[in-house]
Amino acid sequence: MSFKEKIDFNRIPRHIAMIMDGNGRWAQAKGLPRTAGHSEGVSTVTRITEECTRLGVKYLTLYTFSTENWNRPSLEIQALMQLILDRLLEDVFMKNNVRLRVIGDMSRLPVPVLAHLDEICEHTKNNDRMTLVLAISYSSRWELTNAMQQIAQQVKDGTLKAEDVNEDTINANLQTNFMPEPDLLIRTGGEYRISNYLLWQCAYSEFYFTNKFWPDFLEEELYEAIVDFQQRERRYGKTSAQVQQ
């Protein structure tokens with residue numbers, strides 16, 4: 001029996017977040033430049049996005065480029081930015097009725113890349129089958145710092161009292177305030193960390209790690225991760241007996 005046949009389609013995670021790790025190592029293992037791995041990784045993004053829409057996932061968030069990635073060699077950064085321009089196509093979103101949203105520090109992106117992203121976000125804003133969120137120039141510590149600065153300014157301006165700051169206040173000032181927290185976080189590439197990604201939002205997410213490099217993460221691997229997720233008991237601090245009531 002395939003993993004897809006084991007899926008309970010009544011319990012599909014509403015929001016899946018992914019750390020797409022291993023593009024460079026995939027290429028190096030094949031004697032190719034690292035940029036070839038990133039190019040192949042874009043093809044995987046298309047496949048996984050389309051399959052998530054078919055499965056009924058409502059939000060898919062992809063860790064595309066971290067703030068720390070700006071420290072990579074300039075040629076690799078240029079190649080990654082060019083891939084966004086060349087391979088992130090509006091047709092894919094429109095064909096699958098997918099809306100695009102972007103989170104991260106947009107001030108650091110090249111103007112043509114930012115304009116391209118803005119255009120697709122605008123043209124797909126009414127699509128409602130699934131929302132694909134690209135975390136670009138993103139890190140969770142940057143996001144939390146930015147949220148704290150916004151809240152501090154609100155307190156300074158007198159529109160918010162310090163004693164009224166709570167979890168809802170923080171959530172409202174995060175870049176992810178338009179979507180639910182991830183039910184499932186998947187990381188490829190054999191690493192067991194979340195690398196400054198959605199730290200606040202993943203407080204109760206289920207984690208799934210695989211040794212597969214991102215270019216080799218096919219639909220069957222996605223099914224396996226979902227089946228694994230569905231076998232877990234999500235207690236949110238309660239006992240098993242309470243959850244089963």
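Ser137 is found in strand E4 (residues 130-138), where helices (H or I, at least four residues) and strands (E, at least two) are DSSP runs, numbered from the N terminus. This is a predicted model, in which local features need pLDDT of at least 70 and side-chain atom pairs count only at pLDDT 80 or more, while totals for chains, interfaces and linings use all residues. Residues are numbered from 1 along each chain as its sequence is written, and side-chain values use heavy atoms, with hydrogens and water left out. Ser137 is buried, with a relative accessible area of 0%; here buried means under 20% relative accessible area, exposed over 50%, and partly exposed in between (1.4 Å probe, protein chains only).

**Strand E4 and its partners**

- Nine of the nine residues of E4 are buried, so this strand is largely enclosed by the rest of the structure.
- Within E4, Ser137 has a phi near 55 degrees, which is a positive value in a residue other than glycine.
- Strand E2 (59-66) pairs with E4 in the parallel sense over seven bridges, pairing being assigned if DSSP finds at least two bridges between two strands; in this arrangement Phe65 stands opposite Ile136 of E4.
- Strand E3 (residues 98-103) has five of its six residues buried and is therefore described as mostly covered.
- E3 also pairs with E4 in the parallel sense, over six bridges, with Leu132 of E4 as the bridge partner of Leu100 and Ala135 of E4 as the bridge partner of Ile103.
- From E3 the chain crosses through helix H6 (residues 111-123) to E4, and this β-α-β crossover is left-handed, whereas a crossover is right-handed if, with the strands pointing away from the viewer, the path from the first strand over the helix to the second runs clockwise.

**Nonpolar cores**

- The largest nonpolar core has 43 residues, of which Ile16, Met18, Leu60, Leu100, Leu117, Ile186 and Leu222 touch the most other members; such a core is a set of buried Ala, Val, Leu, Ile, Met, Phe, Trp, Tyr and Cys residues joined through side-chain atoms within 4.5 Å.
- Helix H9 (residues 219-230) supplies the largest share of this core, namely six residues.
- Another core, of 15 residues, lies apart from the largest one and has Tyr59, Met179, Ile194 and Tyr197 among its members.
- Leaving aside its neighbours within four places in sequence, Leu60 is in contact (heavy atoms within 4.5 Å) with His15, Ile16, Met18, Ile48, Thr49, Cys52, Met130, Thr131, Leu132 and Val133.
- In soluble globular proteins, nonpolar side chains tend to be buried together.

**Helices H4 and H3**

- At 1.5 Å a residue, the 14 residues of helix H4 (residues 74-87) should span 20 Å, and the 20 Å between its end C-alpha atoms agrees with this; the expected span of a helix is 1.5 Å times one less than its number of residues.
- Glu76, Ile77, Leu80, Met81, Leu83 and Ile84 are buried in H4.
- Seen down the axis of H4, the buried residues fall within an arc of 145 degrees, so they line one face of the helix; the arc is that of the directions from the helix axis to the C-beta atoms.
- On the other side of H4, Leu75 and Gln78 are exposed.
- The cover over the buried residues of H4 includes helix H3 (34-55), strand E2, H6 and E4.
- H3 has 22 residues and reaches 31 Å from its first C-alpha to its last, close to the 32 Å expected at 1.5 Å a residue, and is followed by Gly56, whose phi is positive, near 100 degrees.

**Sites with some exposure**

- Asn97, in the loop between helix H5 (90-95) and E3, has a phi near 55 degrees, a positive value in a residue other than glycine, and is partly exposed, with a relative accessible area of 27%.
- His123 is found in helix H6 and counts as partly exposed at 41% relative accessibility; leaving aside its neighbours within four places in sequence, His123 is in contact with Glu90 and Met94.
- The C-alpha atoms of His123 and Asn211, 88 residues apart along the chain, are separated by 36 Å.
- Gln231 lies in the loop between H9 and helix H10 (240-244) and is exposed, with a relative accessible area of 63%.
- Between Gln231 and Arg108, 123 residues apart along the chain, the C-alpha atoms are separated by 41 Å.
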